[in-house]
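Reader: I should be grateful for a close look at a single part of this model, with attention to burial and to the pairing of charged side chains. Please set the account out as one connected answer.

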Amino acid sequence: MNPNKKRLRRTMMFLNAQKPGLIKDPYIYKPDSIMLDLEDAVAENQKDAARFSLYHALKTINYRGCERVVRINGLDTPYWKEDIRCAVAGGCDAIRIPKTESAQDVKVIEAEVVQAEKDFGREEGSVLIMAAIESARGVMRALDICESSERLFGIALSGGDYTKDLQTHITGTGIELMGARQNMVIAARAAGVQCFDTVYTDLDDMDGFRQDVENIHLMGFDGKSIINPRQINIVHEIFTPKQKDIIFAEKVVREIDTKKAQGIGVFTVDGKMIDIAFYDGAKRTIELAKASGVYKGDL
């Protein structure tokens with residue numbers, strides 16, 4: 001399995017692949033991933049120019065460890081095959097599929113990625129896939145999509161198109177997204193892949209943005225798609241374990257390891273009843289803290 005499949009992805013920042021000024025140095029803002037967009041951000045008559053810009057950016061820019069995902073055009077367009085070949089040849093880390101509605105959509109893209117890896121001398125399995133879900137049909141088939149390929153590291157909600165399909169609109173309250181969000185997180189967890197939330201487009205409402213991020217964090221998402229560097233710090237703050245949570249997780253892991261050896265199944269840590277069921281969650285907190293660069297312990 002590609003070791004990057006489980007990497008830390010709290011933020012994934014959208015950038016128009018056609019604009020050199022946007023894609024030359026986004027790593028300075030320290031998002032976990034960047035999304036180089038060939039789809040909605042690029043006008044119909046500029047697709048070739050965007051691919052040219054993308055290829056040379058991937059080939060020449062050192063993104064300093066920032067994951068490089070390319071959003072291709074949809075399967076219902078004439079552009080997606082050339083998008084994949086250009087992205088893979090350039091050296092991208094992953095392909096994002098727009099408007100995914102079935103496992104078959106993923107398999108079609110995967111076959112093209114496999115061929116591109118061979119054609120351009122990339123290591124087999126080096127290019128990962130993520131699927132954007134943008135319709136009611138896609139939401140209903142989320143589990144099938146999540147289980148469609150070993151290359152697929154996660155799914156992402158695209159709220160604008162989804163709410164149009166649902167015959168409603170983005171309200172800022174999250175009510176219209178609630179069913180899709182929860183269904184997608186459940187499907188992702190069942191399949192063992194990651195799940196990412198949709199963008200928040202009102203850059204003047206940072207309080208609303210913070211509340212939105214706190215909500216999706218509590219729902220179980222791994223991270224959020226973003227459109228502006230101003231949004232990065234808030235997402236990273238909320239999705240990075242606090243020191244008190246890290247300390248408690250360390251205590252839980254140490255106590256369970258000790259008590260298990262002594263044949264004790266239930267005990268207390270800081271006044272809270274703990275049993276073996278808490279172990280995996282505590283280990284996840286520590287692993288997330290390590291990946292986020294805030295862990296100072298020795299577990």
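Author: A residue is called buried when its relative accessible area is under 20%, exposed when that area is over 50%, and partly exposed in between. The model is predicted, and the part chosen here is helix 3, together with the charged pair that involves the loop after this helix.

By the definition above, helix 3 is mostly covered, since eight of its 11 residues are buried. The buried residues of helix 3 are Trp80, Asp83, Ile84, Cys86, Ala87, Val88, Ala89 and Gly90. Their cover includes helix 2 (47-60), strand 3, strand 4 and helix 4 (103-119). Directly after helix 3 comes Gly91, which has a positive phi, near 110°.

The loop between helix 3 (80-90) and strand 4 (94-97) also holds Asp93. This residue forms a salt bridge with Arg68, and the closest N and O atoms of the two are 3.1 Å apart. Arg68 belongs to strand 3 (residues 67-71), so the pair ties together parts that are 25 residues apart in sequence. Arg68 counts as buried because its relative accessibility is 16%, which falls under the 20% limit.

In general terms, side chains of opposite charge can pair when their charged atoms come close. The pair of Asp93 and Arg68 may be set beside others in the structure, where a search of the whole finds 25 salt bridges. One further pair is Asp245 with Lys244, whose side chains meet in a salt bridge at 3.4 Å, N to O. Here Asp245 counts as partly exposed, at 34% relative accessibility, while Lys244 counts as exposed, at 61%.

Another pair lies within a helix. Glu287 forms a salt bridge with Lys290, with 3.6 Å between the closest N and O atoms. Both residues are in helix 12 (residues 279-292), and because they are three residues apart there, about one helical turn separates them. An α-helix has 3.6 residues a turn, so residues three or four places apart point the same way. Glu287 is partly exposed, with a relative accessible area of 44%, and Lys290 likewise counts as partly exposed, at 36%. Elsewhere, salt bridges that share partners join Asp37, Glu39, Asp40, Arg71 and Lys99 into one network.

To return to the part chosen, helix 3 has eight buried residues out of 11, and the loop that follows this helix supplies Asp93, the salt-bridge partner of Arg68.

How values were computed:
Residues are numbered from 1 along each chain as its sequence is written. This is a predicted model: local features need pLDDT of at least 70, side-chain atom pairs count only at pLDDT 80 or more; totals for chains, interfaces and linings use all residues. Side-chain values use heavy atoms; hydrogens and water are left out. A salt bridge is a side-chain nitrogen of Lys or Arg within 4 Å of a carboxyl oxygen of Asp or Glu. Helices (H or I, at least four residues) and strands (E, at least two) are DSSP runs, numbered from the N terminus. Buried means under 20% relative accessible area, exposed over 50%, partly exposed in between (1.4 Å probe, protein chains only). Contact means heavy atoms within 4.5 Å.
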